[in-house]
There are 4 protein chains.
Amino acid sequence: MPLQMNVDDLSKFLSKEFLQVADDFAIDNVEEGWIQLRLVAHDKHLRPGGTVSGPAMFALADVSAYLVTLAMIGPKALAVTTNCSIDFMRKPRAGADLIARCTLLKLGKHLSVSDVLLYSEGQNAPVARATLTYAIPQK
Amino acid sequence: MPLQMNVDDLSKFLSKEFLQVADDFAIDNVEEGWIQLRLVAHDKHLRPGGTVSGPAMFALADVSAYLVTLAMIGPKALAVTTNCSIDFMRKPRAGADLIARCTLLKLGKHLSVSDVLLYSEGQNAPVARATLTYAIPQK
Amino acid sequence: MPLQMNVDDLSKFLSKEFLQVADDFAIDNVEEGWIQLRLVAHDKHLRPGGTVSGPAMFALADVSAYLVTLAMIGPKALAVTTNCSIDFMRKPRAGADLIARCTLLKLGKHLSVSDVLLYSEGQNAPVARATLTYAIPQK
Amino acid sequence: MPLQMNVDDLSKFLSKEFLQVADDFAIDNVEEGWIQLRLVAHDKHLRPGGTVSGPAMFALADVSAYLVTLAMIGPKALAVTTNCSIDFMRKPRAGADLIARCTLLKLGKHLSVSDVLLYSEGQNAPVARATLTYAIPQK
């Protein structure tokens, strides 16, 4: 199954549909069923001590699952998250970008399921993992 | 087990430890093992169409589980979320505050487990549910 | 929305469609969007020490979410679990039936979402909680 | 960090501590932070149509997370599951063994977190995924 959207297409889509948060994210790479996305280190995502906040990690995982789904089915602004489970395992490194590596495990007619590992740039052990289900709007 | 912190104590704690987000939340009520918290409707939490974003809903659930735990054990800034599962079930109502009703299901020595239902103010059907585990720092 | 199946209907359905496990479960009560189900204490569900095993608790939660969905939509053997999150919070009491109290939080066209609390009979604190999503087969 | 238990050690432990279910499982391989386990196809795990049941898939994921943890910390019968999230994505193939490939994502002092992908033998697309947290007993 070929990619319906590349890094450029996805970046433009994000800027158009999610203007408020588009600056927070940068798409590093996209392949069939796989994406790497980064949360650019901004003060507003930080907790005391300089660590990235839980909601910011959730947001990164959520956007990566959304974009890897759209990369395969094309631009559908109305796809919505129905479920997320997330485990916070280690403290992110202060001042480092947070990187999501996201694998599309299932792409059905109604649902997509994606697995995400989150890393502080430059570290090997993941800081968090998440699984997200998106409902795909029907015509 | 008596409350260690009341609404005033928790509000002051939030303002001191989480200055960046304290304005977003208002504590309506706290009882033994139970809290009601609201996310005050701000433009910055909204998605196109005026609905509250997923990360903002996650943040509300997360803070409510944190505060209901602290209400029982006293102020410990270092308690951290280890796990969250969240189901998004309905679209929040545009322009309405989002209300979390959070029940502490377990308070152990190392972990607390809380269940949260999220409602758009004025509506009966929950927009989301979440379960969160907090790790309680040891002395 | 009226009940499509009562305790008798659901018990017969279970015996017919899930013969291998039907003897394990007894339906105590069903109402609109709510069911109470019990796992009858059998040796085969036990772990060393006489406690109910994790898979047996999962099975009880899963069947309760299935039956509360069917109670509202009528008999559809092909509804399937798509997601479950479960927290094990306390050790079940040895030799006691395990009781599931299950609330249907959402009944959509494609998905149902149910919350379950599991109790050892005669105890107040829940031993586990679970949330399950079922995919509803389309005609 | 070296392995504390190899395939033989883990198999003997399983036979001794979980006699009732030990025959259901076979350990294919174990490495540092990784295990492959199989659920041997038995009639008792099947649903109508010959597919492996949800509780049997849960049990396989649960045991694999348990064993990969013990492989690293040594035999501790009292480690208990505290949380599981599981997504059922495809129907398992009738009559095929179910294979778990399990990665230990975090091994802390109090908790381990493991990710599991489940496959029907001979198929490439996973039938389910799960994440499990184990509480590690303290001395």
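Which residues of helix α1 (residues 7-17) of chain D are buried? The points below take up this question first and then turn to the sheet of chain A and its contact with chain B.

1. The model under review is predicted. In α1(D), the buried residues are Leu10(D), Phe13(D) and Leu14(D). Because the arc they cover around the axis is only 100°, they lie on the same side of α1(D). An α-helix has 3.6 residues a turn, so residues three or four places apart point the same way.

2. The opposite face of this helix has another character. Asp8(D), Ser15(D) and Lys16(D) are exposed, and they are carried on the face of α1(D) turned away from its buried side. The cover over the buried residues of α1(D) includes α2 (19-22), β1 (25-31) and α3 (54-73) of chain D.

3. In chain A, strand β4 (residues 98-107) pairs with two other strands. Strand β2 (residues 34-39) of chain A runs antiparallel to β4(A) and is joined to it by six bridges. Within this pairing, Ile35(A) has Cys102(A) of β4(A) as its bridge partner.

4. The other pairing of β4(A) is with strand β5 (residues 111-120) of chain A, again antiparallel, through nine bridges. Here Leu117(A) of β5(A) stands opposite Arg101(A). The connection from β4(A) to β5(A) is a hairpin of three residues.

5. Chains A and B merit attention as a pair. A turn of 180° with a shift of 0.0 Å along the axis lays chain A on chain B, with an RMSD of 0.0 Å. This is therefore the relation of a two-fold axis. Ser85(A) has the C-alpha of chain A nearest the axis, at 2.0 Å from it. Both copies use the same surface, as 100% of the contact residues of chain A recur in chain B.

6. The contact between these chains draws 16 residues from chain A and 16 residues from chain B. On the side of chain A that touches chain B, the elements giving two or more residues are α3 (54-73) and β3 (80-88) of chain A. Of these, β3(A) gives the most, with nine residues. Sorted by class, this side of chain A has eight nonpolar, five polar and three charged residues.

7. Strand pairing also crosses from chain A to chain B. Five bridges join β3(A) to strand β3 (residues 80-88) of chain B, and the two strands run antiparallel. Ser85(A) has Ser85(B) as its bridge partner in β3(B); Ser85(A) is also the residue whose C-alpha is nearest the axis in chain A.

Notes: Residues are numbered from 1 along each chain as its sequence is written. Chains are lettered from A and ligands numbered from 1 in the order in which they are written. This is a predicted model: local features need pLDDT of at least 70, side-chain atom pairs count only at pLDDT 80 or more; totals for chains, interfaces and linings use all residues. Two strands pair if DSSP finds at least two bridges between them. Helices (H or I, at least four residues) and strands (E, at least two) are DSSP runs, numbered from the N terminus. Copies are superposed by least squares on the C-alpha atoms of residues with pLDDT of at least 70 in both. Two residues are in contact if their C-beta atoms, placed from the backbone, lie within 7 Å. Ala, Val, Leu, Ile, Met, Phe, Trp, Tyr, Cys and Pro count as nonpolar, Asp, Glu, Lys and Arg as charged, and the others, Gly among them, as polar. A residue is buried if 20 or more other C-beta atoms lie within 10 Å of its own, exposed if 12 or fewer, and partly exposed in between; C-beta atoms are placed from the backbone. The arc is that of the directions from the helix axis to the C-beta atoms.
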